[in-house]
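Visitor: I work at the bench and would love a close look at one part of this protein, its salt bridges. Could you walk me through them?

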Amino acid sequence: MLLALLLLAQTPDTVVLQPITVTATRQSSSLFAVPLAVTQVKKQDLFGVKGSGLDEALTLVPGVVAQSRYGNQDVRIAIRGYGARGAGDRSNAGTTRGIRVLLDGFPETEPDGRTSLDGIDLAAAHAIEIVRSNASAVWGNAAGGVVSVSTLPSVSDPRISLEPMTGAFGLRRYTAAGSALVGSGVLGASFVRSDADGWRAHSASSRSLLNISMRAPVGEQTQLGVYAVGSHTVFRIPGPLTAAQVAADSRQANATYQARDERRDNKVARLGLTLEHQASDAVAVTALLYANPKALQRSERGTFRDFTRYHVGGNGTVRVRTPLGRGVRGALLVGADYALQDGAILFYNLSPQQTRGDTLRDNKGEGARNTGLFVTEELSFGAAERWTVSAGARYDDITYDYRSHIDPSLDARRSFTGLTPKVGVSYRLTPSHSVYASVGGGIEAPAGNETDPAGTFGQDTVTAINPLLDPIRSTTYEVGTKRQWTLDAGSFLRELGYDVAFYQTAVRNEIVPYRGGRFYFTAGRVRRRGAEIALRAATRVGVTVQAALTWNAHRYTEYTVDSVHYGVPGASADYSGNRVVGVPAFIGAVALDVVPAALRPLHARLSVESMGSFFADDANRVKVPSYRIANLSLGTESALSLGGGLGVNAFVTVNNLFDRRYIASAFLNPDVVGGEPVAFEPGFPRHVVVGVQLVAH
């Protein structure tokens with residue numbers, strides 16, 4: 001099929017689509033000039049989803065593992081292996097690792113590389129861009145991939161909508177959203193309240209989220225943006241099971257998690273400002289500032305933990321476009337980022353009611369600061385500027401400052417620094433068809449709970465920062481091609497597109513969890529290889545097929561460890577050649593959309609998601625089985641008019657249509673109890689979601 005598409009791409013009977021631009025690469029560029037793998041997801045692609053988690057938006061993005069652990073915003077996300085270690089353990093609940101998540105350009109990712117997804121809801125999303133390549137050269141720490149969500153609505157779409165939604169396992173979700181023109185600017189707002197009992201015992205969740213975004217001119221050459229988001233999220237954690245427990249009753253919770261009422265209660269807010277100024281035809285300046293307070297409570301490992309944090313920061317860039325000679329144009333981008341997160345953490349005992357007890361076990365402060373300077377030069381030349389060559393580098397200083405207010409002898413400070421380069425070249429055969437190649441570095445500092453995994457009291461009392469961990473450093477080589485085009489009116493096919501990428505990444509100091517995520521240590525070297533294909537074909541009879549296929553071959557090349565042996569001095573295990581934990585060898589998804597002209601606006605979608613098996617332990621003895629599930633949605637692709645400017649949309653979705661039993665996620669290097677690994681988190685059985693949306697234009 002791929003060969004046929006490539007051959008068809010050379011036929012003259014095509015019409016070029018309108019230009020497609022991307023911004024997640026830090027500057028507005030044509031999708032076909034960027035020498036990286038980038039995927040766009042638009043609002044209309046989110047048909048039939050309940051919208052709680054990012055997994056529903058990333059299903060048809062190749063190279064991405066996106067699985068809902070418990071059916072809410074607690075989503076496991078990995079891009080080309082980055083973020084895979086965030087697949088399990090208590091400390092990773094509700095967070096991701098190794099990839100950068102942006103909301104309207106503001107970092108959801110904290111300075112240490114962890115990302116809470118409390119502020120992300122698809123009800124507010126109008127567009128999503130995913131950079132599937134390592135983007136550390138422009139975004140810095142923990143940018144093995146980038147997920148950028150935009151909530152700013154289209155200027156031409158003023159409207160108000162109300163959408164109640166209900167579903168199996170106690171799902172109750174209500175969304176109110178609106179957009180309006182404010183002078184020459186645009187304003188968007190949404191409020192979501194979502195509650196669910198959960199399909200497993202002890203997996204109930206609730207979330208309230210308010211999102212406001214506005215962008216307006218404040219002069220002929222200046223745009224001001226104001227963005228606010230606030231959320232309150234509470235979710236219980238059912239925890240992992242043994243294989244025998246899954247087989248006996250996959251709805252049960254881990255008995256320890258349930259007895260301790262392990263949970264998260266997160267209150268998060270952010271106010272952000274952006275300023276864009278076009279100083280001249282050649283020079284543009286941008287600035288961004290934000291303040292992000294957080295109040296977080298959790299029950300974890302027999303303790304009640306109370307976090308009070310503030311996350312503040314900003315960035316500034318200068319872009320200079322310069323003609324450098326006949327047929328050559330340059331674009332220089334220079335910028336700086338600064339982010340600081342600090343605050344107090346109080347550890348108490350758990351009361352008999354599993355609330356905060358009276359005994360203060362620990363009182364400490366944790367600070368993380370990330371400072372980055374970056375520069376990128378992009379040269380476009382040749383006939384119609386078909387060639388684009390880009391080169392850049394970034395210097396990062398990631399500093400941790402941990403203080404114990406009970407035992408100051410544990411106080412520690414440590415910095416991780418490094419220079420990360422990247423070079424890429426793309427050639428545009430047509431305005432919407434390009435081939436590209438790139439090579440670049442990556443850096444990921446150990447996250448906060450990896451440098452300070454305290455929680456197993458009495459077993460880590462030397463220093464507040466683990467001195468054995470080093471930053472993950474990597475070098476990625478990538479080649480690819482992408483094209484989108486329309487065919488002439490006499491063709492059965494209306495649109496065709498493909499995106500093909502091949503990559504190889506050499507990784508030093510891969511960080512892996514052990515003892516169920518209590519501690520972390522550094523592996524030697526890892527080699528990641530993969531191939532990604534995305535296809536889209538739309539016919540003139542209302543049938544569209546989309547597919548995303550990924551093959552991964554990730555292996556430890558050098559890895560000797562002694563932590564698997566207790567009380568055996570000098571014993572070690574060599575895991576060189578083993579598959580890397582948490583990364584399936586195959587990921588696939590296919591979606592068939594049918595919108596028959598005679599029945600418009602009726603829309604039917606059948607999708608199939610396939611996940612290959614992967615290992616949950618470095619020894620490659622604990623295997624998470626593969627699975628394949630199907631989903632079916634029926635609804636309207638556009639609102640049915642009720643008159644008077646009112647319209648109504650509706651959908652019904654059956655997820656896991658054939659009621660397959662499967663494992664959605666797993667703890668990596670899990671605890672072993674009675675000889676059985678406690679690793680597996682079962683996925684949702686068949687369930688129905690129904691939504692109705694009332695729209696006023």
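Guide: Happy to! A good place to begin is a network of salt bridges that links Arg 80, Arg 132, Glu 478, Asp 499 and Glu 532. Here a salt bridge means a side-chain nitrogen of Lys or Arg within 4 Å of a carboxyl oxygen of Asp or Glu, and by this rule the count comes to 36. Please keep in mind that this is a predicted model, where local features need pLDDT of at least 70, side-chain atom pairs count only at pLDDT 80 or more, and totals for chains, interfaces and linings use all residues. Residues are numbered from 1 along each chain as its sequence is written, and side-chain values use heavy atoms, leaving out hydrogens and water.

Now let's turn to individual pairs. Arg 394 and Asp 337 form a salt bridge, with their closest N and O atoms 2.7 Å apart. Arg 394 sits in strand E23 (residues 387-404) and Asp 337 in strand E21 (residues 328-350), so this pair ties together parts that are 57 residues apart in sequence. Strands (E) are DSSP runs of at least two residues, numbered from the N terminus. Arg 394 is buried, at 2% relative accessible area, and Asp 337 is buried too, at 14%. Buried stands for under 20% relative accessible area, exposed for over 50%, and partly exposed for values in between, using a 1.4 Å probe and protein chains only.

Another pair is Asp 112 with Arg 114, whose side chains meet in a salt bridge at 2.9 Å, N to O. Both Asp 112 and Arg 114 are buried. Finally, Glu 495 forms a salt bridge with Arg 494, with 3.0 Å between the closest N and O atoms; Arg 494 counts as partly exposed, at 31% relative accessibility.

Key. Helices (H or I, at least four residues) and strands (E, at least two) are DSSP runs, numbered from the N terminus.
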